[in-house]
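Here is a short tour to follow with your viewer open. Keep the selection panel handy, and colour the chains separately before we set off.

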Amino acid sequence: MKPFLSFIKMQLNVNYGISALKYRFTREKKKLWEPILIGAGILVSVVPLLAMYTGLMLMVFAGGSMIGQPEMVLAISFVFAQLIILIFGIFYIMGTFYFSKDLEMLVPLPLRPYEVIAGKFAVVMVNEYLTSLPLLLPPIIIYGIGTSQGVLYWLKSLILMAVVPVMPLAIASLFVIVLMRIVNIGRYKDFLAIVGGIVLVFVSMFVSMFMQRMPENPDDIQKYFAGQAGLTDMIGSRFPPGIWAVKGLYAAGLAGFGYFLLYIAVSAALLMLMLWISNHVFYKALLSGQEVRRKRKTLTGSHMEKQVSKSTGPVLALFKREWKLVLRTPLYVLNGLVGSIMGPIFLIIMIMVQDQDPEVAELFSKLAEPEIIPYAVLASIGIMFLTADMNLIVSTAVSREGRTIWIAKMIPVSGKQQAAAKFLCGYTVSIFGVLVTSVIVYIFFKLPLLWTIAAAIVGLAGAVPMTALSLLVDVFHPKLVWNNEQEAMKQNMNGFLGMLLSILVTVIIGVLAVTALMNGIPLPGVLAAVFAASVILGAASLFALFALAERKYREMEA
Amino acid sequence: MIEIRNLSKSYSKGKVKAVDNLNLEVSNGEIFGFLGPNGAGKTTTIKMIVGLLNPDEGSIIIDGTDIAKDPIEAKRKMGYVPDDPNLYDRLTGMEYLNFMADVYQVPLSVRKEKIEYYLEMFDLKDAAFDLIKSYSHGMKQKIALTGALLHDPKLWILDEPMVGLDPKSAHLLKNQMREHCDKGNTVFFSTHVLEVAEKLCDRVGIIHRGRLIAIGTIDELRKGDNKDSLENIFLELTEK
């Protein structure tokens, strides 16, 4: 047991940089202002979002109380948190289990495969608390105080909050372990892993939406509002374990305790099952995944001629290198590209799933009405901005260099040019997001063509400051020490910070634009103003980015 | 070619002096060997010369260009290979070389000739289209060397260049170093292999605890005693 525990301790230490942090706080006090500034940045951007979420949950609680179901707030938040963990967990688990650099070091250690998996699982679990706690804590407190719960409730919620990520992550791990056993063969395993991962996410989205769909039968709706069959049961009938946690919390007496224990037992059982299966198949898939194919093609004179490329400028060379490295790293494709491009595609799925609902269909048809169009145009621009905000490719661009940063320091290329290449690479991803969104709003939302084009132009202009701001964060404080690509992209605070910063700017612009529209300013005027604001902000943020890059690339040590 | 003046660098808030007031000049046409025990400050010095680390004090002039004032110009004059080259695993060897040729602005005709020459010399022709990920340590070292030499820099800075190379490649590299210097260029390299230093270097410097404790030709270090090997001199100096 002892080696296993020390392995988990080491995994957590390495992944969360605990020793590195200690060093930072005890030895490098001069640079202390950097983590403090980052902490303050997170606080400033998280607090408003958390306040908005808490407000929403308060409304749900009030609404639920009115129909005699105050526990609705718990049901919604628990199911939502578990879904988020499941869907985002798939790529995360894939990266941590199969694409970590430290696996080469772990395999020769006298640890059983399930012990390695358990250590990696623990790391993912701890990271998921960052997602689950902000989602669960407000509703638990709202419900607890709102219905004056006793000590037992608080005790149970503490335990549940600790356990909640287990079930969705165990399910995600099972999916991934089986998938990797199947695809990790042959030449195209990286490609297959990406495709398989995307398919898994789509399947889980579809399944979860099916589970969450409201009852369509009018009788059911009536029953639901009459309190005869609560929302919790409605969701529970499709995926019972998801709701046991909630019942375990609110149900009185023995029944509550029973559900609580049942939930924990099922979580434990799923975890055990996953570990048992992984013990049998994990190394097989992992080891075949580590093999790198060699072509061993001999270089002949004429072939050589073709392969030596024409000389290009340094920015273009860096841009090409950036793209090649992104496209050839499954984790970057999964987390970076898919993240910002699939956002709009998920929108289509949601529409397709909800489209059968007559009320929703009616709502969509209203989007083409003249008085709604201005808002639909602004909403489309908002989605385009968001795809740029969520662009992890740009907000981790410097961090991804990791141990190869010495090359960036050694080559005779200025910081400004290096940042320009990274900006361009990130901006092309944003362009793609804008174009995909335009196509969707034109085809599915039936937005008039002219307005779609106008929205796309504003979207492209807005993507400049969003991309530059995200890159600015990473240039300011890149995370260059990492053991696996997952750490460089997903476990990188800069990605999160860049996203928050640009979302904040998006929200401010959005609120101003909607206010202007509501105050009678015509749409072309509002669009012109948003465009002008984007251009000014874009120029300012690019200027700041280049100035910072020039300084930081000199200061950085490799 | 290299002028180092009062160079100092410390870690852990000045508690550990990695390089302590180093003064050094290396002339054109010279192969200079930089020797010292583990942790003596060799790699730190080299990293400051090529601009990977910023000195706390002092200046480094490369062929008349101050690396602190005009780093881009200074870097153009150098080709550097670290002791453990971390390269882009997911590029092929050829893509890496094309990338390096682009950032150093090597014209097409020159890059064709150089790439072919070095790939042939290092026996890498068969591996040029494989991902660097699949290379052995020595192959990575050789592709990094090729990348660093494409722009025909006046100054080669090599950190432990023989480590990881097979005997044939090491031999070829040593010949290359000599030829390069015979054309009036300069090679500055660190090594643990005293025999290599003894045979190859015009001058050597021995660094110990961040300070340069000896510098000169091998004969000068022997102080006229022809029987004394460099190993004995090294041990004598560094065990003080």
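Start by selecting β3 and β8 of chain B: these strands pair in the parallel sense over four bridges. To see one point of the pairing, pick B:Ile31, whose bridge partner in β8(B) is B:Val187. Bear in mind as you go that this is a predicted model.

Now add β7(B), which pairs with β8(B) over five bridges, again in the parallel sense. Here, B:Leu158 has B:Phe189 of β8(B) as its bridge partner.

Stay on β8(B) for a moment and show its side chains. Is this strand buried or exposed? Five of its five residues are buried, so β8(B) is largely enclosed by the rest of the structure. Rotate the view and you will find both faces covered: B:Thr186, B:Phe188 and B:Ser190 are buried on one side, with B:Val187 and B:Phe189 buried on the other.

Next, widen the selection to the whole sheet. It is an open, six-stranded sheet in chain B with mixed pairing, and its order is β6-β7-β8-β3-β9-β10. At the edges are β6 (78–81) and β10 (211–216) of chain B, each pairing on one side only. From one strand to the next, the twist averages 15°.

Move to the β6 edge. β6(B) runs parallel to β7 (residues 155–159) of chain B, and four bridges join the two. One place to click is B:Met78, whose bridge partner in β7(B) is B:Leu155.

Now bring in the helices. Select α1 (residues 42–50) of chain B, which lies across β3, β6, β7, β8 and β9 of chain B and runs at about 145° to β7(B). Then select α9 (residues 230–238) of chain B: this helix packs on the sheet, touching β3, β9 and β10 of chain B, and its direction makes about 30° with that of β9(B).

Time to look at the core. Which members of the largest nonpolar core touch the most other members? Of its 208 residues, they are A:Val176, A:Leu545 and B:Ile157. The biggest contribution comes from helix α4 (residues 72–98) of chain A, which gives 18 residues to this core. Centre on A:Val176 and leave aside its neighbours within four places in sequence: the contacts are A:Ile90, A:Ile93, A:Met94 and A:Phe97.

For a contrasting view, go to A:Leu287 in helix α13 (residues 253–290) of chain A. A:Leu287 is exposed because it has 12 other C-beta atoms within 10 Å, and 12 or fewer is the cut-off. Try a distance to A:Glu104: the two are 183 residues apart in sequence, yet 9.3 Å apart in space, C-alpha to C-alpha.

Colour chain A by domain next. The assignment gives domain 1 (2–11 + 31–290) and domain 2 (314–555). Their contact takes 22 residues from domain 1 of chain A and 21 residues from domain 2 of chain A. On the domain 1 side, α3 (33–66), α4 and α9 (189–212) of chain A each supply at least two residues. The largest share of that side, eight residues, comes from α9(A).

Finish where the chains meet. Here 43 residues of chain B are in contact with 35 residues of chain A. On the chain B side, α2 (71–76), α3 (93–103) and α4 (108–121) of chain B each supply at least two residues, and α3(B) gives the most, with seven residues. Colour that side by class and you will see 23 nonpolar, seven polar and 13 charged residues.

Conventions: Residues are numbered from 1 along each chain as its sequence is written. Chains are lettered from A and ligands numbered from 1 in the order in which they are written. This is a predicted model: local features need pLDDT of at least 70, side-chain atom pairs count only at pLDDT 80 or more; totals for chains, interfaces and linings use all residues. Two strands pair if DSSP finds at least two bridges between them. Axes are lines fitted to C-alpha atoms, for helices over the stretch in contact, and angles run from 0 to 180 degrees between N-to-C directions. Two residues are in contact if their C-beta atoms, placed from the backbone, lie within 7 Å. A nonpolar core is a set of buried Ala, Val, Leu, Ile, Met, Phe, Trp, Tyr and Cys residues joined through C-beta atoms within 7 Å. A residue is buried if 20 or more other C-beta atoms lie within 10 Å of its own, exposed if 12 or fewer, and partly exposed in between; C-beta atoms are placed from the backbone. Domain bounds come from an automatic or database domain assignment. Ala, Val, Leu, Ile, Met, Phe, Trp, Tyr, Cys and Pro count as nonpolar, Asp, Glu, Lys and Arg as charged, and the others, Gly among them, as polar.
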